[in-house]
Amino acid sequence: MAQSPHEVQIGTTESDPSVFITVTANGPYIVHGTPPLHLQTITPDATGHSWTYEQGRAFAVKDGTALCRCGHSKNKPYCDGSHRHAPVDLSETASFDPLLQHSTEIDGPMVALTDNERYCAFARFCDSGEQIWKEVTIQGRSHADAAIRMAHHCPSGRLLVWDLQTKQPLEQPMPVALGLIEDPQQGCSGPLALQGGIRVVSASGRSYEVRNRQTLCRCGASSNKPFCDGSHASIKFNDGL
Ligand code: FES
């Protein structure tokens, strides 16, 4: 089989190659193919910790749809050309290196955790009362399962839990989808979530590593563009949707 011309993270199956996203220089994201796009609201449990997502309203996507990444469109989630006058620098600053190259690792009795903080989207699934960094270190199936669940809900892919025996990430396959994250607990809107191995192509033409779970900045404030770094929470980005 021919080798993929771009990096694909271990544990990720790349989407149908007709589905990918290109980042334009100082402009919007262009969606290729027709992946579904919905509101994706972070929903807490009874104790107020992020627990699951509620899928909301659907938005039309055609091949070539432009999605706002500057945060200033009056027709979000679509681009309306406002980026041309918006006081925001959309230059890409993220590394093309695989995430694992700059991840830290914690080995527990049953599973291991790798973590690349730079990609945190502040969705807080890593803390359900007990934090993932602690759960992986505690002996017992229920603690390992809790860590697997938390990592799987982390929309950015910052966190990966690994089987110590097989040395493989414990990733569940995910259908190809785009999500507009909303975070009522924090009173803000979040990034564009990509799931299911959707390739992201830089304005330079180079592809970033393909991953199962990724989050792209749509507020314009990330210091790790095109990826989200959680800045939407501090600026209280509101997409009005
Ligand atoms: S990227 Fe075009 S309006 Fe935001």
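How many Å apart are the mean positions of the 20 positive and 25 negative charges of the chain? In this predicted model, the two mean positions are separated by 6 Å.

The overall dimensions were examined next. The C-alpha atoms occupy a box of roughly 55 × 50 × 30 Å along the principal axes. The radius of gyration is 17 Å. A compact globule of 241 residues would have a value near 18 Å, so the chain agrees with that expectation. The secondary structure consists of 3 helices and 13 strands. Of the 241 residues, 52% count as buried. The accessible surface amounts to about 11,000 Å². Carbon and sulfur atoms contribute 51% of that surface. Among contacts with a separation of 6 or more, 62% join residues 24 or more positions apart.

The nonpolar interior was then considered. In soluble globular proteins, nonpolar side chains tend to be buried together. The largest nonpolar core of the chain holds 25 residues. Within this core, Ile21, Tyr29, Leu37, Leu178, Leu192, Leu194 and Leu216 touch the most other members. Five strands, β1 (20–23), β2 (29–32), β3 (37–44), β10 (177–183) and β11 (188–195), each provide at least two of its residues. A second core is separate and has 13 residues, including Leu113, Cys126, Ala147 and Ala151.

Tyr29 illustrates the surroundings of one core member. Beyond its neighbours within four places in sequence, Tyr29 contacts Ile21, Thr22 and Val23. Its contacts also include the run Thr65, Ala66, Leu67, Cys68 and Arg69. Leu192, Leu216, Cys217 and Pro226 complete the list. Pro226 is itself notable for its backbone. The peptide bond between Lys225 and Pro226 is cis, with omega about 10°. Pro226 sits in the loop between β13 (213–216) and α3 (231–235).

A cis peptide bond also runs from Lys76 to Pro77, with omega near 10°. Pro77 belongs to the loop between β5 (66–67) and β6 (104–107). Phe59, in strand β4 (residues 50–59), lies 18 residues from Pro77 in sequence. Their C-alpha atoms are 8.4 Å apart. The two residues are in contact. Phe59 further contacts Leu37, Leu39, Tyr78, Leu180 and Leu241, leaving aside neighbours within four places in sequence. Leu37 is one of the core residues that touch the most other members. Phe59 has a relative accessible area of 10%, under the 20% cut-off, and therefore counts as buried.

The loop between β5 and β6 also contains Gly81. Gly81 is buried, at 9% relative accessible area. The C-alpha atoms of Gly81 and Glu171 are 38 Å apart. Along the chain, 90 residues separate this pair.

Glu171 reappears among the contacts of Leu160. Leu160 is part of strand β8 (residues 159–163). Its relative accessibility is 3%, so Leu160 counts as buried. Apart from neighbours within four places in sequence, Leu160 meets Gln9, Leu100, Ala112, Leu113, Thr114, Pro169, Glu171 and Arg213. Leu113 is a member of the second core. Leu100 is 60 residues from Leu160 in sequence. In space, the C-alpha atoms of Leu160 and Leu100 are 9.3 Å apart.

Glu117 lies outside these buried sites. The residue is exposed, with a relative accessible area of 60%. Glu117 falls in the loop between β7 (111–115) and α1 (132–135). Ile106 is 11 residues away along the chain, and the C-alpha atoms of Glu117 and Ile106 are 14 Å apart.

Positive phi values were found at two residues other than glycine, Asn26 and Lys236. Phi of Asn26 is near 55°. Asn26 is located in the loop between β1 and β2. With 43% relative accessibility, Asn26 is partly exposed. Phi of Lys236 is likewise near 55°. Lys236 is located in the segment after α3. Its relative accessibility is 44%, so Lys236 counts as partly exposed.

Technical notes
Residues are numbered from 1 along each chain as its sequence is written. This is a predicted model: local features need pLDDT of at least 70, side-chain atom pairs count only at pLDDT 80 or more; totals for chains, interfaces and linings use all residues. Side-chain values use heavy atoms; hydrogens and water are left out. Helices (H or I, at least four residues) and strands (E, at least two) are DSSP runs, numbered from the N terminus. Buried means under 20% relative accessible area, exposed over 50%, partly exposed in between (1.4 Å probe, protein chains only). The radius of gyration is taken over C-alpha atoms; the globule rule is 2.2 Å times the number of residues to the power 0.38. Contact means heavy atoms within 4.5 Å. Accessible areas come from the Shrake-Rupley method with a 1.4 Å probe; for residues, only the protein chains shown count as cover. Lys and Arg count as positive and Asp and Glu as negative; His and the chain ends are not counted. The place of a charge is taken as NZ of Lys, CZ of Arg, CG of Asp or CD of Glu. A nonpolar core is a set of buried Ala, Val, Leu, Ile, Met, Phe, Trp, Tyr and Cys residues joined through side-chain atoms within 4.5 Å.
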